[in-house]
Amino acid sequence: MDGRDRKKVLFIDRDGVIVEERQVDSFEAIEYIPHVFEALREISRRTDYLLVMVSNQDGVGTPSFPYESFIGPAERILDTLRGEGIVFDDINIDFSLPEDGCPGRKPGTAMIDSYRSDAYDMEHSFMIGDRLTDMMLARSMGCRGFLLSGDDMDIPPDLADTIALRTSSWLDIASYLADDSTLSHRTAEVHRKTKETDISIAIDLDGTGEGGISTGIGFLDHMLDQLVRHSRCDISGHVEGDLFVDGHHTAEDTAIALGEAFLKALGDKRGIERYGYEIVMMDDTVATAALDFSGRPELIWDAEFTMDAIGAFPTELIRHFFRSFSSAAQCNLYLSALRGGNSHHTAEALFKAFARAVRKAVRRIPGDTRIASTKGVL
Ligand SMILES: [Mg+2]
């Protein structure tokens, strides 16, 4: 058969790859791996790999995992993927237990031996899995593997050649397979040192909301935690500021470094939403945020605090923080708190609304490589 006609295959594990690794015996147990839909949608749209599921489901049909508990959630997962345009061409699931020694159980290949024929191009096929047994299966099939795991797994030397990429993110796999670096994570690191502060910040715009920034000011750390969680950007950082003076330089320079990190990670802003907005209520306060990564700084501020300080943190620094961010990130930012309630609530609602506006504005529109401006530059 002509090499061009041979089909390439993506063998894909389920647990630990599509959904979190656990016995999925109820609808509540279904928890999707971050970015799996985005990545598989792009892979399906841009490449011609066949999608073949290969999964071990230990002991389905036994009292500890009845078939009735397995099948509903299993079908729900496939239905949800199908709704996103991700359709598996073939599904192979082994129900045996390790002690059964079943030849179909991974890393055994019996379930997918039919792909070892001239009709398929194993040399250019891949297995995507979260375990070394998945990579052993890839080696046995003559294909290569993507190991979806953290750095804590030791790779035996005899599997090193089989593993095309070890990553904790689906976006890296999509970027590799579609040969498009714009699909991968948008990250940046900023180090900023002055006579007043020494700051390191790392950001991943395509994260899951992990991390935090320690500034030495408890209240500001608490507000930055809101930014991390609600923006769903991964942000970690450390700030050494001249707190023996007061909190002014620390708050200002943290905002500048954060703004610089966002600006750097956004790059040329290709394919992003650009605008974001949110209204957040918190008990006695309603806060509104609107944001435009326009390339121009501006802060429109319409909020007041009933107290001059929250803990030891002057409330006037909150406005200054956002002004500094707007300057460094070169964004237009509107913030308001419609009615002044408890000052802690007001500040927290403002940070949450800001974070959620950021989340919308930095979001990439799948498949869109344009810059959201008639000028062609942001
Ligand atoms: Mg797995």
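Here are a few friendly notes on the cores of this predicted model and on one helix pair.

1. Residues are numbered from 1 along each chain as its sequence is written. Local features need pLDDT of at least 70 and side-chain atom pairs count only at pLDDT 80 or more, while totals for chains, interfaces and linings use all residues.

2. The largest nonpolar core (buried Ala, Val, Leu, Ile, Met, Phe, Trp, Tyr and Cys joined through C-beta atoms within 7 Å; buried means 20 or more other C-beta atoms within 10 Å, with C-beta atoms placed from the backbone) has 56 residues. Among those with the most contacts inside it are Ile 201, Leu 350 and Phe 354. Helix 8 gives the most, eleven residues (helices are DSSP runs of H or I, at least four residues, and strands are runs of E, at least two, numbered from the N terminus).

3. Ile 201 is worth a look: leaving out residues up to four places away in sequence, Ile 201 touches Val 190, Ile 213, Ile 235, Gly 237, Ala 257, Leu 258 and Ala 261 (contact means C-beta atoms, placed from the backbone, within 7 Å).

4. A second, separate core has 38 residues, including Val 9, Leu 40, Val 52 and Ile 173.

5. Now to the helix pair. The axes of helix 6 and helix 7 (lines fitted to C-alpha atoms over the stretch in contact, with angles from 0 to 180 degrees between N-to-C directions) come within 7 Å and cross at roughly 30 degrees. Helix 6 is therefore roughly parallel to helix 7 (angles under 35 degrees).

6. Among the residues that meet here are Phe 262 and Leu 263 in helix 6, and Phe 321 and Phe 325 in helix 7.

How values were computed: Buried ≥ 20, exposed ≤ 12 C-beta atoms within 10 Å, placed from the backbone. Contact = placed C-beta atoms within 7 Å. Parallel < 35°, antiparallel > 145°, perpendicular 65-115°, else oblique.
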